[in-house]
Amino acid sequence: MKHYYRIFFLIIVFSLSLFMIVNPGETVESARHGFILWYSVIVPALLPFFIVAELLVNLHFVEFLGILLEPLMRPLFKLPGCSSLVVAMGFTSGFPVGALLSRRLYDKQMLTAQETERLVSFTNNSSPLFIIGALGVGMFGSPLWGYLLAASHYLANLGVGLLWGLRTIEPFPWSTKPPHRLQYAIQQLVEANKENNSLGEMLGEAIKNSLNNLIAIAGFIVFFSVLARMLTVWGVLDLLALSLCNLFSFLHLSYLLAFGMMMGLFEITIGARTVITSTLDPVLARLLVVSLILAFSGFSIIAQVMSVMSGTPVRLSFYLLSRLVQMILSFAFTWAGYKLLMYRAIAVPSVSVPIYKILYGIDAWSFSLYCLGIGMAIILAMVICSLTFKD
């Protein structure tokens, strides 16, 4: 089966090469927009998380969390306590921090292959910066819709993690609370940091690894930006959108919503904007379609995640199944949230604002630092909850 995937990918690369020769202007323009998105939003939004995550792993903080949060993570997700760092960082930072941290824990043999696969499946999320800032405030013109989409997105991903945890049978019993758990965790942290590694060397290595990861992300963004433009110019997405309209004609799915969904298969930002600007459709319909796009995350993000997890037993089929489950849950949460809480809210779509002005007008660096602080607060809250558990 793998050689069929390679042949299909060869066809895509050949088509992309032909497009670049025939349409050099479109190629340069789409690549430029992808690169601007990378250095204006992605770098300031993710760089602090990448550096801090690397340092927390290298300073053995994950082992410390593993001891403290074992009684919390095992019953909920059937995962070791060290995975709590991945959950907190993944939910507050955005793609693909969850995958990068999961890979680091797997490489350090702190996670089994099955645990790594389940952890990756629900810790890769769109960032609060994108959902609340770009989608809610920038495109919908209402932060309430951003909060609704964010709540649905994160609750659905947590639902995926809880579902896989319920379906998992642990091969061995685990200890709920070792004697003097906090004291024991501190002792282990001190012992682990008796290594003679230079702090300057550790910081330099963290920055170097973080920049390498960001450069790889830039390549994915540019590649899929050009690919999406090619499929648009050649009318492939148009045909897919018309087919989708015919397939779901009983739902009265409009062409713009269908086209936005097709765009969202490759790039969530452009797909979401296309859906949101379809002002002839009801707000609920647009919210539901955007929620589906966020849950799927697009082939660009999926390719980034699977690239990070290459060489591990994490299966693409399992990750795609998790995305399907998240789409169903996210759709349900968005519909319920709109019906129960948001039906009186009025959103004014900002259709005249170009996507680059929406995204690049946001102070991504400050927003990412706030999210990093929230992530640390979540970890602290989890530690407090864990310490209150009784034997």
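Let me start with one side chain. Arg32 is partly exposed, at a relative accessible area of 41%. Its partner is Glu29, and the two side chains meet in a salt bridge, 2.9 Å from N to O. Glu29 is partly exposed as well, at 30%. Both residues lie in helix α2, 3 residues apart, about one turn of the helix. One reminder before I go on: this is a predicted model.

Why do both ends of that pair count as partly exposed? The band runs from 20% to 50% relative accessible area. Arg32 has 41%, so Arg32 falls inside it. Glu29 has 30%, so Glu29 does too.

Now the wider view. The protein chain has 391 residues, and 51% of them count as buried. It holds 18 helices and 0 strands. Take the contacts with a sequence separation of 6 or more: 80% of them come from residues 24 or more positions apart.

Back to charges. Side chains of opposite charge can pair when their charged atoms come close. How many salt bridges are there? The count comes to 8. You have seen one of them, Arg32 with Glu29.

Next, helix α10, residues 199–233. Here Lys208 forms a salt bridge with Glu205, and the closest N and O atoms are 3.5 Å apart. The spacing is 3 residues, about one turn of the helix. Lys208 counts as partly exposed, at 43% relative accessibility. Glu205 counts as partly exposed too, at 34%.

Then helix α3, residues 61–77. Arg74 and Glu70 both lie in this helix, 4 residues apart, again about one turn. Their side chains meet in a salt bridge at 2.7 Å, N to O. Are these two residues buried or exposed? Arg74 is buried, and so is Glu70. The pair also belongs to a network of salt bridges that links Glu70, Arg74 and Glu115.

Glu115 leads us to a loop residue. Met110 is in contact with Glu115, setting aside sequence neighbours within four places. On that basis, its other contacts are Val62, Glu63, Pro80, Cys82 and Leu105. Where does Met110 sit? In the loop between α5 (97–107) and α6 (113–122). Look at Cys82 in particular. Met110 and Cys82 are 28 residues apart in sequence, and their C-alpha atoms are 7.6 Å apart in space.

On to the nonpolar side. The largest nonpolar core has 108 residues. Which residues touch the most other members? Leu135 and Leu214 do. Helix α2, residues 24–58, gives the most to this core, with 15 residues. Now follow Leu214. Beyond its neighbours within four places in sequence, Leu214 is in contact with Trp38, Ile42, Val43, Leu46, Leu47 and Phe50.

Last item, helix packing. Two packed helices are described by the angle between their axes and the distance between the axes. My example is helix α8, residues 143–166, against helix α14, residues 283–296. They pack at an angle of about 40°, with axes 10 Å apart. That makes α8 oblique to α14. The reasoning is short: under 35 degrees would count as roughly parallel, and 65 to 115 as roughly perpendicular, so about 40° is neither. α8 passes α14 in a right-handed crossing. Who makes the contact? From α8: Trp145, Leu148, Leu149, Ser152 and His153. From α14: Val283, Leu287, Val290, Ser291, Leu294 and Ala295.

That's my tour. Over to you.

How values were computed:
Residues are numbered from 1 along each chain as its sequence is written. This is a predicted model: local features need pLDDT of at least 70, side-chain atom pairs count only at pLDDT 80 or more; totals for chains, interfaces and linings use all residues. Side-chain values use heavy atoms; hydrogens and water are left out. A nonpolar core is a set of buried Ala, Val, Leu, Ile, Met, Phe, Trp, Tyr and Cys residues joined through side-chain atoms within 4.5 Å. Buried means under 20% relative accessible area, exposed over 50%, partly exposed in between (1.4 Å probe, protein chains only). Helices (H or I, at least four residues) and strands (E, at least two) are DSSP runs, numbered from the N terminus. Contact means heavy atoms within 4.5 Å. A salt bridge is a side-chain nitrogen of Lys or Arg within 4 Å of a carboxyl oxygen of Asp or Glu. Axes are lines fitted to C-alpha atoms, for helices over the stretch in contact, and angles run from 0 to 180 degrees between N-to-C directions. Angles under 35 degrees count as roughly parallel, over 145 as roughly antiparallel, 65 to 115 as roughly perpendicular and the rest as oblique. A crossing is left-handed if the near helix is turned anticlockwise from the far one by less than a right angle, and right-handed if clockwise.
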